[in-house]
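Me: I am new to this structure and would like to learn how to read a few of its features, one at a time. Could we look at it together?

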Amino acid sequence: MEDLVSQVIEICPGMYVLPDFADTQALKVSLQQVLEHSPLRQMQTSRGFTMSVHTSNCGTAGWVSDRSGYRYLLQDPLSGKPWHPMPESFASLASRAAKSAGFGHFEPDACLINRYLPGTQMGAHQDRDESDFSQPIVSVSLGIDARFFVIGPEKRGKSTPVDLSDGDVMVFGGPARHFYHGVRKLKDSTHPHFGAVRWNLTFRKAL
């Protein structure tokens, strides 16, 4: 699993998938502990739309969205307290995945947690709220399958689909760090350990 990389698949320059890289059962306990500290919530966009995914964070900083815009905060706005520290199982997985994809010395300080239910999706967007774009992003899939897509530096254009399953890890940096990407609407499905849910852990160097 995490320490045995059977293959690294290049999707486009700077974007890689590591199939079945993560031991998601081992991550499940840590995920539950984080969510007990900082419960899931549905955030709003700057235009007032409610996101279909439910989110939370752990680490030094947490990504938030509301009518004031997108940004990172050191405290959970729901509780006024610091986010749950990033579990070692999370941080070590992200660092190993980044190294396996050719990005050494990645030490994330933020993990955005997204919960997708069947019928939810994530529109095309760039991750551009971080302070250092030389650092990659590591995205871990748990639970039911999802179809990720990547377009390129412009929002319009042909997209490349990438089917992701439980345990798959995606790493993107370099030119792909600025690419628009998203998740298509999830189909009805059930995973034996996570039920009808897809969890996505997105690790970033935010500060």
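Me: At what angle do helix α1 and α2 pack, and how far apart are their axes?

Reply: Please keep in mind that this is a predicted model. Helix α1, which covers residues 24–37, packs against α2 at an angle of about 130 degrees, and the axes of the two are 9 Å apart. Angles over 145 degrees would count as roughly antiparallel and those from 65 to 115 as roughly perpendicular, and α1 and α2 are therefore oblique to each other.

Me: Which residues make the contact of α1 with α2?

Reply: On the side of α1 they are Leu 27, Ser 30 and Leu 31, while α2 contributes Ser 89, Phe 90 and Leu 93. Sorted by character, the residues of this contact comprise four nonpolar and two polar ones, with no charged residue.

Me: How many aromatic pairs are there?

Reply: Rings count as a pair if their centres lie within 6.5 Å, and planes over 60 degrees apart make the pair edge-to-face. The count by this rule is three aromatic pairs. In the case of Tyr 16 and Phe 103, the ring centres are 6.4 Å apart and the planes stand at 65 degrees, so this pair is edge-to-face. Because Tyr 16 belongs to strand β2 and Phe 103 to the loop between α2 and β6, the pair ties together parts that are 87 residues apart in sequence.

Me: Are Tyr 16 and Phe 103 buried or exposed?

Reply: Both Tyr 16 and Phe 103 are buried.

Me: Which charged ends sit over a ring, and over which ring?

Reply: The charged end of Lys 28 sits over the ring of Phe 194, at 5.2 Å from its centre, and that of Arg 198 sits over the ring of Tyr 116, at 5.1 Å from its centre.

Technical notes. Residues numbered from 1 in each chain as written. Predicted model: local features only at pLDDT ≥ 70, side-chain atom pairs only at ≥ 80, totals over all residues. Heavy atoms only, no water. Phe/Tyr/Trp six-rings, centres within 6.5 Å; stacked < 30°, edge-to-face > 60°. Helix = DSSP H or I, 4+ residues; strand = E, 2+ residues; numbered from the N terminus. Buried < 20%, exposed > 50% of the residue type's maximum accessible area, 1.4 Å probe, protein only. Lys NZ or Arg CZ within 6 Å of the ring centre and 35° of its normal. Axes fitted to C-alpha atoms, helices over the stretch in contact; angles between N-to-C directions. Parallel < 35°, antiparallel > 145°, perpendicular 65-115°, else oblique. Contact = heavy atoms within 4.5 Å. Nonpolar A, V, L, I, M, F, W, Y, C, P; charged D, E, K, R; others polar.
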